[in-house]
Amino acid sequence: MMPYIHSLLRLELDARLAALREKAKSERDPCAPDETLQLLLLCVQMCDATRVLEIGTGEGLTAVALLQEYPRMHLVTVEADETRYRTACENFEAFGVSERVRAVFGDAKDLLEALKEPFGLIFLDGPKAQYTAYLPDLKRLLAPRGVLFADDVLLYGWVDGREETPSKRQSIVRKLREYLEQVCSDPDLLTSVLDVGEGVAISVKKN
């Protein structure tokens, strides 16, 4: 992404949420960068998504930002780490959005198999090695013209070859490349891969 584009981004958030995001950026499980969240908010606005699915709740900070920005939105989110899940639930309560969230503690694959109703937007930010395994259910759950927004798909420049991949990360890089190959070649999806944050793949489901 060009530097002048970055300079145009003005992410305006609740002061409490902005402070939590800044704190999270320096921790083990950092939240989405500002430019990634800005793009995600834009995608929700463009597809007018009132039902959103999030894979990878983290501490719930991205979900809170979405729910604050769009009062008509209802969100289903899943997290496999119990500490993060509990923190997210506390944040949903603290920010007054818990009534519009269904937070699930567990394996995303189990949740995906149980869901039936379509979503206007799916934010994929869970275990990177599982992106390809999740894809069939994600496609099934995506509404026509819905958006599948996958985060961290370029991962430190390893996936597109800008940086050399450490030997212990070869497997996850291979899985992410498989995911990108599948969504970019899928006739039911229109996909763009953007160098925003650690890379995002935005796939729109065709009618």
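Contact here means heavy atoms within 4.5 Å. The structure in these close-ups is a predicted model.

**View A. Helix 8 lies across four strands of the sheet.** Helix 8 (residues 170-185) sits over strand 4, strand 5, strand 6 and strand 7. Relative to strand 6, helix 8 runs at about 135°.

**View B. Seven strands make up an open sheet.** Follow the strands across and you get the order 3-2-1-4-5-7-6, with mixed pairing. Strand 3 (101-105) and strand 6 are the edge strands, and each of them pairs on one side only. Ignoring direction, neighbouring strands here are turned by 15° against each other on average. As a reminder, strands of a sheet pair through backbone hydrogen bonds, either parallel or antiparallel.

**View C. Strand 5 has strand 4 and strand 7 as neighbours in the sheet order.** Strand 4 (residues 119-124) and strand 5 run parallel and are joined by five bridges. One spot to look for is Phe119, whose bridge partner in strand 5 is Leu142. Strand 5 (residues 142-151) and strand 7 are also joined by five bridges, but this pair runs antiparallel. Here Val147 stands opposite Val204 of strand 7.

**View D. A hairpin links strand 6 and strand 7.** Five residues lie between the two strands, and Gly197 in the turn has a positive phi of about 60°. Six bridges hold together the antiparallel pair of strand 6 (residues 189-194) and strand 7. Val193 stands opposite Ala201 in strand 7. Is strand 7 mostly covered or mostly exposed? Strand 7 (residues 200-205) is mostly covered, with five of its six residues buried.

**View E. Helix 4 lies across strand 1, strand 2, strand 3 and strand 4.** Helix 4 (residues 61-69) runs at about 180° to strand 2 (74-79). How many of the nine residues of helix 4 are buried? Seven of them are, which leaves the helix mostly covered. The buried ones are Leu61, Thr62, Ala63, Val64, Ala65, Leu66 and Leu67.

**View F. Helix 7 packs alongside helix 8.** The axes of helix 7 (residues 131-141) and helix 8 come within 9 Å and cross at roughly 30°. Angles under 35 degrees count as roughly parallel, so helix 7 and helix 8 are roughly parallel to each other. Helix 7 contributes Tyr131, Thr132 and Leu135 to the contact, while helix 8 brings Lys175, Leu176, Glu178, Tyr179, Gln182 and Val183. By type, the contact residues are five nonpolar, two polar and two charged.

**View G. Leu13 sits in the loop between helix 1 and helix 2.** The loop falls between helix 1 (3-8) and helix 2 (15-25). Leu13 has a relative accessible area of 24%, so it is partly exposed. Leaving aside residues up to four places away in sequence, Leu13 touches Ala18, Arg21, Leu37 and Ala65. Ala65 is one of the buried residues of helix 4. Gln45 is 32 residues from Leu13 along the chain, and their C-alpha atoms are separated by 16 Å.

**View H. Residues 1-8 have a pLDDT below 50.** Across the chain, pLDDT averages 91, and 93% of the residues score at least 70. Within the stretch of residues 1-8, the pLDDT is below 50, and the model gives this stretch four contacts beyond near neighbours in sequence. Where pLDDT is low, the predicted coordinates should not be read in detail.

Notes: Residues numbered from 1 in each chain as written. Predicted model: local features only at pLDDT ≥ 70, side-chain atom pairs only at ≥ 80, totals over all residues. Heavy atoms only, no water. Axes fitted to C-alpha atoms, helices over the stretch in contact; angles between N-to-C directions. Parallel < 35°, antiparallel > 145°, perpendicular 65-115°, else oblique. Nonpolar A, V, L, I, M, F, W, Y, C, P; charged D, E, K, R; others polar. Buried < 20%, exposed > 50% of the residue type's maximum accessible area, 1.4 Å probe, protein only. Pairing = 2+ DSSP bridges. pLDDT = per-residue confidence, 0-100.
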